[in-house]
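Visitor: Mind walking me through this one? I'd like to hear the reasoning behind the labels.

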Amino acid sequence: MAHALRLALLLCFCSACVSTPKPGEEEALPMVFEDPSADDDGKDAPQFCNETGKKGDELAKCREQNRSIGAAYEEDAKKREPWYAFPAASWASAPEVPEDRVVPVKKEREAVAKLDQAAFAPLSTTELEFYTGGRAVPAGLQPFLVRGLLFYRQTGAFRVFQNDGAIFVKHDSLGHDATSETRSAVVVFLPQAPKHVYVDCSLIE
């Protein structure tokens with residue numbers, strides 16, 4: 001990932017480039033991921049527009065430029081890794097599932113294989129023990145094996161968010177440039193099966 005692109009994307013996510021979508025408009029969250037088409041020095045990376053201080057038509061053009069660049073990176077990411085599923089901007093304020101209801105798997109290879117054709121799978125008591133090594137099911141909840149993506153396992157963690165019956169599985173990690181994402185999985189205790197699963201991972205150096 002080019003250093004200039006990574007900085008631009010990170011600043012975009014944290015500050016002025018994040019804009020509020022119009023009613024009914026689905027706008028994906030700006031994500032930080034590798035741009036395989038960019039050189040290491042970032043010369044080939046498209047430039048994000050800084051919205052700070054801009055108004056009227058100038059601001060509208062700036063936001064449209066950022067949306068088009070973000071959409072291009074999302075399309076490229078999904079081609080590279082079909083497990084990506086980016087949520088709308090409204091997820092920025094979605095409530096987080098309590099940490100004790102999100103359990104990393106111990107049988108990752110088997111978990112990834114089970115999720116090859118579906119983003120999630122309900123687990124029996126026996127399957128729950130197999131994938132996690134043994135975990136009690138909280139009252140009123142059910143265990144689900146859910147897709148996840150990550151760059152660096154040891155420097156990050158999974159977080160899960162809920163919104164209107166859907167969930168967003170996000171892994172953030174620290175590290176140097178990664179050549180590709182790694183498929184993983186996580187067990188999430190939920191009151192019912194999710195309507196949809198969004199998946200993303202990010203890397204911050």
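**Rings and strands**

Guide: Sure. Let's begin with Phe144, which counts as buried at 2% relative accessibility. Keep in mind that this is a predicted model.

Visitor: What makes Phe144 buried?

Guide: Buried means under 20% relative accessible area, and Phe144 comes in at 2%, so the label fits.

Visitor: And why is Phe120 called partly exposed?

Guide: Its relative accessible area is 24%. The partly exposed class sits between 20% and 50%, so Phe120 lands there.

Visitor: How many aromatic pairs does the structure hold?

Guide: Six. One of them is Phe120 with Phe144: ring centres 6.0 Å apart, planes at 70 degrees. Pairing needs centres within 6.5 Å, and edge-to-face needs planes over 60 degrees apart, so this pair is edge-to-face. The two residues are 24 apart in the chain, with Phe120 in strand S2 and Phe144 in strand S3.

Visitor: Why is the pair of Phe130 and Tyr131 called edge-to-face?

Guide: Those centres are 5.0 Å apart and the planes stand at 75 degrees, so edge-to-face again. Phe130, at 38% relative accessibility, counts as partly exposed, while Tyr131, at 7%, counts as buried.

Visitor: Which residues do ring pairs link into a cluster?

Guide: Trp91, Phe161, Phe168 and Tyr198.

Visitor: What makes strand S7 mostly covered?

Guide: Seven of the eight residues in S7 (residues 197–204) are buried. Strand S5 (residues 166–174) runs parallel to S7, joined by eight bridges. Pairing takes at least two bridges, so S5 and S7 qualify with their eight. For His171, the bridge partner in S7 is Cys201.

Terms used. Residues are numbered from 1 along each chain as its sequence is written. This is a predicted model: local features need pLDDT of at least 70, side-chain atom pairs count only at pLDDT 80 or more; totals for chains, interfaces and linings use all residues. Side-chain values use heavy atoms; hydrogens and water are left out. Buried means under 20% relative accessible area, exposed over 50%, partly exposed in between (1.4 Å probe, protein chains only). Helices (H or I, at least four residues) and strands (E, at least two) are DSSP runs, numbered from the N terminus. Rings of Phe, Tyr and Trp (its six-membered ring) pair if their centres lie within 6.5 Å; planes under 30 degrees apart count as stacked, over 60 as edge-to-face and the rest as tilted.
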